[in-house]
Amino acid sequence: MKIEDIEMADDEALAPILLATLQRLGQLGRSGAAALARLVDDGDADFDEAAEWIAEIASGEFTA
């Protein structure tokens, strides 16, 4: 998927891409986190909400 396609992609198309991306950032370690942090604006409500959902999934507390 191209970055310009993300805006119109649905959840089923985005989820596997996000998972692969998060796994790769995890493999990169702190440098991956630093690269992401440079892109995120402080107070980005959409990012904050997504991060909360990801934290809930990572902790095993998320139920569909």
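Here are some questions and answers about a predicted model of a protein.

User: How many helices and strands are there in the protein?
Analyst: Let's start with the overall layout. From the N terminus on, the elements run α-α-α. The count of strands is 0, and the count of helices is 3.

User: What does the C-alpha trace of the protein span along its principal axes?
Analyst: The protein has 64 residues. Taking the C-alpha trace along its principal axes, the span is about 30 × 30 × 25 Å.

User: What share of the residues counts as buried?
Analyst: A residue is called buried when its relative accessible area is under 20%. Of the 64 residues in this protein, the share that counts as buried is 2%.

User: What part of the exposed area do carbon and sulfur atoms supply?
Analyst: Good one to ask next! The protein exposes about 5,600 Å². Carbon and sulfur atoms supply a share of 58%.

User: Which residues make the nonpolar surface patch, and is Ile17 buried or partly exposed?
Analyst: The patch covers about 410 Å² and is made by Met1, Ile3, Ile6 and Ile17. Ile17 lies in helix α1, which takes in residues 11-28. Because its relative accessibility is 36%, Ile17 counts as partly exposed.

User: Which residues form the negative surface patch?
Analyst: One of the members is Asp46, in helix α3 (residues 45-59). Asp46 has 62% relative accessibility, so it counts as exposed. The full list is Asp41, Asp42, Asp46, Asp48, Glu49 and Glu52.

User: How far apart are the mean positions of the positive and negative charges?
Analyst: The protein has 4 positive and 15 negative charges. Taking the mean position of each group, the two points are apart by 17 Å.

User: Is the aromatic pair of Trp53 and Phe62 stacked or edge-to-face?
Analyst: The count comes to 1 aromatic pair. Trp53 and Phe62 form this pair, with 5.7 Å centre to centre and 85° between the planes. Planes over 60 degrees apart get a name of their own, so the pair of Trp53 and Phe62 is edge-to-face.

User: Are Trp53 and Phe62 buried or partly exposed?
Analyst: Let's take the two rings in turn. Trp53 has a relative accessibility of 42%, and Phe62 has a relative accessible area of 35%. Partly exposed is the class between under 20% and over 50%, so Trp53 and Phe62 are both partly exposed.

User: Where is Asp5 found, and how far is it from Asp42 in space?
Analyst: Asp5 is found in the segment before α1. With 38% relative accessibility, Asp5 counts as partly exposed. Asp5 and Asp42 are 37 residues apart in sequence, and their C-alpha to C-alpha distance is 25 Å.

User: What separates the C-alpha atoms of Leu36 and Ile17?
Analyst: Leu36 is found in helix α2, residues 30-39, while Ile17 lies in helix α1. Leu36 is partly exposed, with a relative accessible area of 33%. Leu36 and Ile17 are 19 residues apart along the chain, and their C-alpha atoms are separated by 15 Å.

User: And what separates the C-alpha atoms of Gln23 and Asp10?
Analyst: Gln23 is found in helix α1. Its relative accessible area is 46%, so Gln23 is partly exposed. Gln23 and Asp10 are 13 residues apart along the chain, and their C-alpha atoms are separated by 20 Å.

Definitions and conventions: Residues are numbered from 1 along each chain as its sequence is written. This is a predicted model: local features need pLDDT of at least 70, side-chain atom pairs count only at pLDDT 80 or more; totals for chains, interfaces and linings use all residues. Side-chain values use heavy atoms; hydrogens and water are left out. Patches are made of residues with over 30% relative accessible area and no salt bridge: like charges are joined within 9 Å, nonpolar side chains (Val, Leu, Ile, Met, Phe, Trp, Tyr) within 5 Å. Accessible areas come from the Shrake-Rupley method with a 1.4 Å probe; for residues, only the protein chains shown count as cover. A salt bridge is a side-chain nitrogen of Lys or Arg within 4 Å of a carboxyl oxygen of Asp or Glu. Helices (H or I, at least four residues) and strands (E, at least two) are DSSP runs, numbered from the N terminus. Buried means under 20% relative accessible area, exposed over 50%, partly exposed in between (1.4 Å probe, protein chains only). Lys and Arg count as positive and Asp and Glu as negative; His and the chain ends are not counted. The place of a charge is taken as NZ of Lys, CZ of Arg, CG of Asp or CD of Glu. Rings of Phe, Tyr and Trp (its six-membered ring) pair if their centres lie within 6.5 Å; planes under 30 degrees apart count as stacked, over 60 as edge-to-face and the rest as tilted.
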